[in-house]
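Me: I have a few questions about how the labels on this model are earned. Please keep the replies short.

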Amino acid sequence: MVNSNPVPPPTPDAGEAAIRAVGLVKRFGPVVAVDGMTFDLAPGRIYGLLGPNGSGKTTLIRLLTGMTRATEGTAHVLGVRMPDRANLARIGYMTQGDGVYPALTAGENAQFFGAAYGVEDAAQVDEALRLVELADRAKTIAGTLSGGQRRRLSLACALVHKPPVLFLDEPTVGVDPLLRVQFWGHFRQLADAGTTIVVSSHVMDEADRCDELLFVRAGKVIARGSGGQLRAEAGTDDLEAAFLRFSGETAVAA
Amino acid sequence: MSPRRVRALVRRVTVELRRDRPSLALLFIAPIVVTGLFTFILRDASGPNLRVAIASGGSGPAAALISGRLDGALTGAGMTVTQAASVDAARSAVQDGSASIAILLPADLAPGKGSTITLLTKGLDPSGDAGQLAAVSQAILGGIASSMGTALPSLAHQTVYGTPSSDPMAPFAPAIVAFFVYFFVYLLTGVSFLRERTGGTLERLMATPVTRGEVVTGYILGFGLFAMLQVAILLTWALVAIRVPAIGPLPDVAIGLGIAVAGSPLLAFLVVLLLALGAVSLGIFLSTFARTELQVIQFIPVVLVPQFLLSGVLFSVDSLPSVLQPLVHFMPLAYAVDALREIFIRGADLSVADVQLDIAVLAAVAVLFAAVAFRTIRRDVV
Ligand SMILES: Nc1ncnc2c1ncn2[C@@H]1O[C@H](COP(=O)(O)OP(=O)(O)O)[C@@H](O)[C@H]1O
Ligand SMILES: [Mg+2]
């Protein structure tokens, strides 16, 4: 399933795909950060964007969330062409950095981002904090939280409005192993409830927690499939080796 | 524009600032200390601690009489006077700093005879010298002119507006207040917004339905609230003088600068507030070009110092070199300083055309800066 099928031009309700990219290209001057990506992502699944630093994962997520305009191609989320400000109320985005206000308490951060998404219900804000097990730190100033706690707070701020689509940019970087297990537990729970989740990572050891993987290299999706499928296709037990195999293939093909 | 989201932004900005002690001190205490110091220096600089050495070239009765008169007049003006043994002794007294100015009387000094009295200063500090020369010349005129046998006419000073104030701070106060509000509001907003950019929270905020217009509005309102408090406190400090009677060994003091204001303090408040709202947007705008907080500070000499020099804060706009004059029209601060002087000294109200123009320009600048800030919130982002 390398470089999945060519997709018909998207209609306003882009079929069943929660996320659809068609011929996405993003150039920064001479740098081609995203170099022609086309894919459909189905609802209620966890997708892993795997690739080394600088391969274009963050840029892809920023294109899909409408944070930056594509040089070429289109992105649709839940059938709406991005960028679209109103549609952002249905999207959660946990950025690569923590992106929380250090002077505010954990509770104030969650409340503020809740209000930004239109959530005025205090119970829903509390629920987000409980989900990441920060309910007891609600009154702690975010700047004094530990790194892992801040990461959890960042996650709470991204899902306080219960979005059906969630983008998580390297959510587990700098997070201790125990917390990682918890994070993945949350992600699975959300996906089971119908949330589409896109998780980027530059490490392979979390890959098998995703339903499907997209290997990203130099702005291109070089392979797509479940961890098992990709290993089988590459003829190796090691995903790392599989990635290298696919990289070599495209390098030869190119 | 959603009022709820703007309210959330305003609340966030104010909570953040309220917890930031150093910034609060910068906003509320620093301007009071600086304006207080400025006033103290201006009001108490000249006169009292001038040390004058008098040396006479001749030794006749006329010389003795005149130097005696002079001594009396200078001492009466609050200066410390010493008689130097010779012109050379007076010169070295000025050189080593034991005297700040020397009066050298010529040997041929006599009533009814044209002769030159020389005033000798160190020359390292031209503006300080000028102040001393004026004070000493004044005393010479008053003290010895009549004994020289020439009746000099005396000068009187009147002004169209107000009275010729003996308070040297009066013309400076409005300008200094305006400048410091501008300065501190810019600095604080610039640094705050830079943190918003570099801390990743702006990117995150832009990934919510919040619009750029709401962000700028939230900032203007949030920082505007603090600016309002700052202006109110600073103006009160500048205008009142609450006498505290002497307690035990402590002398009586006045709290506040007690600067006279002929017009409406409320109108002055509005003018400074408009200026401050422009400064909020200027801070947002300039933070685009900074990567670190230090760089926000580095914009001060580029953006604020020229305004300080060209807006009539210290140097009168009319006395600027003619090539620089056109630039004055591009300095928002100049309009605030002009309006405030009109209000403080002339007692102008809103019916005065000058004040109307100043306020209109300040409002237009605030709107323009807000629009520019809006444009620059996300350069790459949509
Ligand atoms: N705003 C930008 N301006 C210029 N180059 C950028 C910008 N954002 C990303 N890039 C470049 O695009 C490429 C992909 O970056 P990124 O998407 O951050 O990769 P990843 O998230 O996979 O590490 C890199 O070469 C990076 O330097
Ligand atoms: Mg990245």
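Me: What makes Lys162(A) exposed or buried?

Reply: Lys162(A) has a relative accessible area of 52%. Exposed means over 50%, buried under 20%, and partly exposed in between (1.4 Å probe, protein chains only). So Lys162(A) counts as exposed.

Me: What is this model, and how is it numbered?

Reply: It is a predicted model, where local features need pLDDT of at least 70 and side-chain atom pairs count only at pLDDT 80 or more, while totals for chains, interfaces and linings use all residues. Residues are numbered from 1 along each chain as its sequence is written, chains are lettered from A and ligands numbered from 1 in the order in which they are written, and side-chain values use heavy atoms, with hydrogens and water left out.

Me: Why is the pair Lys162(A) and Glu127(A) called a salt bridge?

Reply: The rule asks for a side-chain nitrogen of Lys or Arg within 4 Å of a carboxyl oxygen of Asp or Glu. Here the N to O distance is 3.4 Å, so the pair passes. Glu127(A) is partly exposed, at 37% relative accessibility.

Me: How do you know that Arg62(A) and Glu203(B) form one too?

Reply: Their closest N and O atoms are 2.7 Å apart, so the rule is met. This pair crosses between chains, from helix 7 of chain B to helix 1 of chain A. Helices here are DSSP runs (H or I, at least four residues), and strands are E runs of at least two, numbered from the N terminus. Arg62(A) counts as buried at 13% relative accessibility, whereas Glu203(B) is partly exposed at 21%.

Me: What makes Thr58(A) and Gln96(A) ligands of the magnesium ion (ligand 2)?

Reply: Donors are N, O and S atoms within 2.8 Å of the metal (3.2 Å for Na, K and Ca); water is not among the atoms, so sites may look incomplete. Thr58(A) gives OG1 and Gln96(A) gives OE1, at 1.9 to 2.3 Å, so both qualify. Thr58(A) lies in helix 1 (residues 57-64) of chain A and Gln96(A) in the loop between strand 6 (91-94) and helix 2 (106-116), so the pair ties together parts 38 residues apart in sequence.

Me: Why are Thr58(A) and Gln96(A) called partly exposed?

Reply: Thr58(A) has a relative accessible area of 25%. Gln96(A) has 40%. Both values fall between the buried and exposed cut-offs, so both get that label.
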